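Let's work through some exercises together, with the structure open beside you. Try each task before reading its solution.

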There are 2 protein chains.
Amino acid sequence: MSFPLVDALYGRPHEGVPVWFMRQAGRYLPGYQAVRAKTDFLTLCKTPDLAAEVTVEPLDKFGMDAVIIFSDILVPLEGMGLPVTFTDRGPCMETPLRSASDIEALKSIDPTRETGFVMDVIRAVKDRVGGKVPVIGFAGAPWTLACYALEGSPSRTFMSAFQMLYREPAAMHRLLDKLATTVGEYLKAQIEAGVDAVQIFDTWGGMLPDDQFEAVSIAYCQRVIEALDGCGVPRILFVKGAGIKIEVVAKCGAEAIGVDQTQNIANVRQRVGSGVALQGNLAPESLFAPRDDLLARATKILDSMKDDPGFVFNLGHGILPPTPVENVKAVVDLVKAYGRS
Amino acid sequence: MSFPLVDALYGRPHEGVPVWFMRQAGRYLPGYQAVRAKTDFLTLCKTPDLAAEVTVEPLDKFGMDAVIIFSDILVPLEGMGLPVTFTDRGPCMETPLRSASDIEALKSIDPTRETGFVMDVIRAVKDRVGGKVPVIGFAGAPWTLACYALEGSPSRTFMSAFQMLYREPAAMHRLLDKLATTVGEYLKAQIEAGVDAVQIFDTWGGMLPDDQFEAVSIAYCQRVIEALDGCGVPRILFVKGAGIKIEVVAKCGAEAIGVDQTQNIANVRQRVGSGVALQGNLAPESLFAPRDDLLARATKILDSMKDDPGFVFNLGHGILPPTPVENVKAVVDLVKAYGRS
């Protein structure tokens, strides 16, 4: 069986332009809000039936070309010894990493056990979706996970992570190494549980200085990607804010890369060549705009990538909570009509 | 009289590599901390003697090639009708802008009156510095000021600003227009009070989507720069996180542009040509590193810009509070020795 999304991620010919949105299952949706009114965030992640219900809501409502499992990038950290709580301000660690010996003490996990509930979510989602669209699994990149594990609370600067990186680089690389191993195994388990594609989110990769980017972000993303060689599903790497380094991201071994909204996606295609699929890059903020303006912006992206077999329409980063539901539908309808007219 | 910093900003031959650090007068310094123990942030900005004392501390301690007046980019907003309080979490507006009519109601200011205290700070600083080094004045760029004025509290996403931008673009551009006028006049007043160079900080310019960057960040920076035509001092434009658009930033009419640490500064030189001076770009985080590592990173930047007359050594963004004072001194000593050996 062939899915347009999977074909596009491999750069193979297919009909239409596949579309899904990062964070498409979440806070802007009424069904999600109803579930969250009764269930805290982590319980939702750990309750396969509820997580599956939330996962498929955008499919039922908008007819996206894929679902992405409802979960959080920090979920695998708990089993390593780093329990996370999710507050209104964002995720918090009860015991963030503070030293090289904290890093040494991190446990390795068997993802089918410690994060077995994620695999249950995948199976429940597959069951509900019934082969209609592919199911996307995901994980955080080592550097992004390290930022949270060291900082312990929401941050704009991740000062603790940067202090560890510069004061104790050996300890930081030990942490990145452990995280790369964990993330690789975690995604492998997701693939075994049935996901049809995986995305690695390096949300904070773009913060790294020029002389650290490849060694700290890219090298460990590559480790994760290589761990999945031969697994038979396409891999998407999304490094946010790294437009200036997009050639390096593109050479990472992933079948597809995410393009954030600060970049011109057609220009990215020129820079990276045709060897990798591109996914993006409507500014999620443009979903606040009046309908005509919004559709004009989306059309500009579609036109600029017309007939590119390796193109998946998505946002430039995750959908924002105040997004009007009807605008999401309007864009998805536009993309679906665009490819098939 | 000629200052190496001013020569470098104009790309004129001079001896050595001039060096100063963004936020060089601030939280990492013991003198500053002693002053702040007795004085709140805003009172410090408004008390010329104290602000001047804090401004010259890094000159006395490290021998930088310039001082930058101690102040805050939000200072001119108070006179427009937007009082700011400075909390531990960051700046907060008591009455952030919420609508087009709030924007219409903003007052225009006479910067020599409503921000007369800044001009007094400049005169006090000039007095203390006694012509030894140039004094740099500064202001926030219109888009960055709009982000704060609309958000009202510290943010990573500036959701309120983006909602205004997309829902009510005419109102947003009216705000940017008013801010550009104010910032232009504010910097003109600083120049009349005696500053030898000015820097415009577009801290949040890099967040803008590809299809908004020029219209929202650059166009209004250009307005500010043009307002200063013929004022006789060099203008530095620093748009953080905009490496991917650095050619556009470079064409803005400023004599010099800031380069953040996500970019390779020698590569930026190749991209923008020799018509504009470059200022940057040591990662402020690298000041946490052991001395050898730190100096190796700084030397790499110096070597890559060797003999470039339009180069000012600086950080890639503002110095961070946990920075060890002795590491600042080590880098400044390195740069000063580098140019004169």
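Contact here means heavy atoms within 4.5 Å, and angles run from 0 to 180 degrees between N-to-C directions of the fitted axes. Please keep in mind that this is a predicted model.

**Exercise 1. Work out the strand order of the sheet in chain A, and find which strands stand at the edges.**

Step 1: Trace the neighbours. The open sheet of chain A has seven strands in the order β1-β4-β5-β6-β7-β8-β9, with parallel pairing.

Step 2: Look at the two ends of that order. β1 (67-68) and β9 (311-315) of chain A each have a single partner strand, so one side of each has no neighbour in the sheet.

Step 3: Zoom in on one edge. Strand β8 (residues 277-282) of chain A pairs with β9(A) through five bridges, in the parallel sense. Within this pair, A:N281 is opposite A:N314 of β9(A).

A reminder for reading such pairs: strands of a sheet pair through backbone hydrogen bonds, either parallel or antiparallel.

**Exercise 2. Find the strands that helix α11 of chain A lies across, and give its angle to β4(A).**

Step 1: Locate the helix. α11 of chain A covers residues 169-193.

Step 2: See what it lies across. The strands are β4 (135-140) and β5 (197-202) of chain A.

Step 3: Read the angle. α11 of chain A runs at about 170 degrees to β4(A).

**Exercise 3. Now describe the sheet of chain B, and a helix that lies across two of its strands.**

Step 1: Write down the order. Chain B has an open sheet of seven strands, β1-β4-β5-β6-β7-β8-β9, and the pairing is parallel.

Step 2: Check the edges. In chain B they are β1 (67-68) and β9 (311-315); each has one partner strand, so one side of each is left without a neighbour in the sheet.

Step 3: Follow β1(B) to its partner. Two bridges connect β1(B) with strand β4 (residues 135-140) of chain B, and the two run parallel. B:V67 sits opposite B:V135 in β4(B).

Step 4: Add the helix. α15 (residues 291-304) of chain B lies across β8 (277-282) and β9 of chain B, at about 160 degrees to β8(B).

**Exercise 4. Find the hairpin that β2 and β3 form in each chain, and name a pair of opposite residues in each.**

Step 1: Begin with chain A. Strand β2 (residues 84-87) and strand β3 (residues 90-93) of chain A run antiparallel and are joined by four bridges. They form a hairpin with two residues between them, and A:T87 stands opposite A:G90.

Step 2: Turn to chain B. Here strands β2 (residues 84-87) and β3 (residues 90-93) of chain B pair over four bridges in the antiparallel sense. β2(B) and β3(B) form a hairpin, again with two residues between them, and B:F86 faces B:P91 of β3(B).

**Exercise 5. Describe how chain B meets chain A.**

Step 1: Count the residues. 35 residues of chain B contact 35 residues of chain A.

Step 2: Take the area. About 3,000 Å² is buried between the chains, and carbon and sulfur atoms give 60% of it. B:R156, B:Y166 and B:I244 supply 22% of the area that chain B buries against chain A, more than any other three residues.

Step 3: List the polar links. There are 10 residue pairs in polar contact between chain B and chain A, and two salt bridges cross the interface. One salt bridge joins the side chains of A:D211 and B:R297 (3.0 Å, N to O).

Step 4: Assign elements. α10 (159-167) and α15 of chain B are the elements that give two or more residues to the side of chain B that touches chain A. α10(B) gives the most, with five residues.

Step 5: Sort by class. This side of chain B has 15 nonpolar, 10 polar and 10 charged residues.

**Exercise 6. Explain why the salt bridge of A:D65 and A:K336 ties together parts far apart in sequence.**

Step 1: Find the pair. The side chains of A:D65 and A:K336 meet in a salt bridge (3.4 Å, N to O).

Step 2: Place both residues. A:D65 lies in the loop between α4 (48-62) and β1 of chain A, and A:K336 in helix α16 (residues 325-340) of chain A, so the pair links parts 271 residues apart in sequence.

**Exercise 7. Locate a cis peptide bond in each chain and a residue with a positive phi.**

Step 1: Recall the background. Most residues other than glycine have a negative phi, and most peptide bonds are trans.

Step 2: Check the peptide bonds. The bond from A:G280 to A:N281 is cis, with omega near -15 degrees, and A:N281 is in strand β8 of chain A. In chain B, a cis bond joins B:G280 and B:N281, with omega about -15 degrees; B:N281 belongs to strand β8 of chain B.

Step 3: Check phi. B:R23, which is not a glycine, has a positive phi of about 60 degrees. B:R23 lies in the loop between α1 (4-9) and α2 (30-38) of chain B.

How values were computed
Residues numbered from 1 in each chain as written. Chains lettered and ligands numbered in written order. Predicted model: local features only at pLDDT ≥ 70, side-chain atom pairs only at ≥ 80, totals over all residues. Heavy atoms only, no water. Pairing = 2+ DSSP bridges. Buried area = accessible area lost by both parts, 1.4 Å probe. Salt bridge = Lys/Arg side-chain N within 4 Å of Asp/Glu carboxyl O. Polar contact = N/O pair within 3.5 Å; in protein donor to acceptor, adjacent residues only side chain to side chain. Nonpolar A, V, L, I, M, F, W, Y, C, P; charged D, E, K, R; others polar.
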